Amino acid sequence: NIGTLSLKLNKNQLLKQAGLPRPPTDDGQDTHEEKEVEPTPQFIARQTATSLRRIGLAIHNHHSAYRQMPPTAHLGKDLPPERRLSWRVSILPFLEEPELYEKFKHDEPWDSEHNRQLIELMPQVYQAPGGAAGPGMTHYLAVRGDGAILAPPQEWRQGGNMSMGTRIASIADGLSNTLAVV
């Protein structure tokens, strides 16, 4: 059998990895500037779709593990909802980040001295390509409101201590017709 193999190699990058000097430029200069390339709209769209797919799969895997969707925020003792850790922390184990999940102090506010130090470790999946979100910020947000998949914990809605999140069976329009994260 005869096959074809096509490779695209970056000569300067290979030389750098091998520890070899770069050849001089046409004008005899020995310097080569690395130019930062702007991502194309097609690349941004593909990467965004990939990130949203991974986030959606993590939310679905959370449901498989706990029989409920993650709430918009963790239940936290004596913490107002806006100070609690978000759904993004809840799905970290399903984004192959269980060690980071374990590092968070779940009974402390998201902006506590300890938890704030972990913000810069958030996975790249939460950053939109070409976006300029600052540390701890994301471009991906949960859809909120009555009937949302990532709903507030029941204790907020009913005043009780129950923390049941949304179940797939209660999503009347089906998962393929319902937004969770935008």
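**Close-up 1. Glu108 and its salt-bridge partner in the predicted model.** Glu108 has a relative accessible area of 23% and is partly exposed, because values from 20% to 50% fall between buried and exposed. Lys105 also counts as partly exposed, at 37% relative accessibility. These two residues, Lys105 and Glu108, form a salt bridge. Their closest N and O atoms lie 3.9 Å apart, and the cut-off for such a pair is 4 Å. The structure holds one salt bridge.

**Close-up 2. Helix H2, residues 41–66.** Helix H2 has 26 residues, and at 1.5 Å a residue it should span 38 Å. The C-alpha atoms at its two ends are 37 Å apart, in agreement with the expected span. After H2 comes Arg67, which has a positive phi near 60°.

**Close-up 3. The buried residues of H2.** Ser51, Ile55, Ala58, Ile59, His62 and His63 are buried in this helix. In an α-helix there are 3.6 residues a turn, so residues three or four places apart point the same way. The buried residues of H2 pack against helix H3, residues 87–90.

**Close-up 4. The second largest pocket.** This pocket holds about 270 Å³ of space. Among the residues that line the second largest pocket are Leu52, Ile55, Gly56, Ile59 and His60. The lining also includes Met69, Ile149 and Leu175, as well as Thr178, Leu179, Ala180 and Val181. By class, nine lining residues are nonpolar and three are polar, and no charged residue is present in the lining. Ile55 and Ile59 belong to this lining and are also buried in H2.

Technical notes: Residues numbered from 1 in each chain as written. Predicted model: local features only at pLDDT ≥ 70, side-chain atom pairs only at ≥ 80, totals over all residues. Heavy atoms only, no water. 1 Å grid on protein atoms, 1.4 Å probe; cavity = no way out; pocket = protein on both sides within 12 Å on 5 of 7 lines; lining within 4 Å. Points joined across faces, edges and corners; volume = space filled by probe spheres on them. Nonpolar A, V, L, I, M, F, W, Y, C, P; charged D, E, K, R; others polar. Salt bridge = Lys/Arg side-chain N within 4 Å of Asp/Glu carboxyl O. Buried < 20%, exposed > 50% of the residue type's maximum accessible area, 1.4 Å probe, protein only. Helix = DSSP H or I, 4+ residues; strand = E, 2+ residues; numbered from the N terminus. Expected span 1.5 Å × (residues − 1). Contact = heavy atoms within 4.5 Å.
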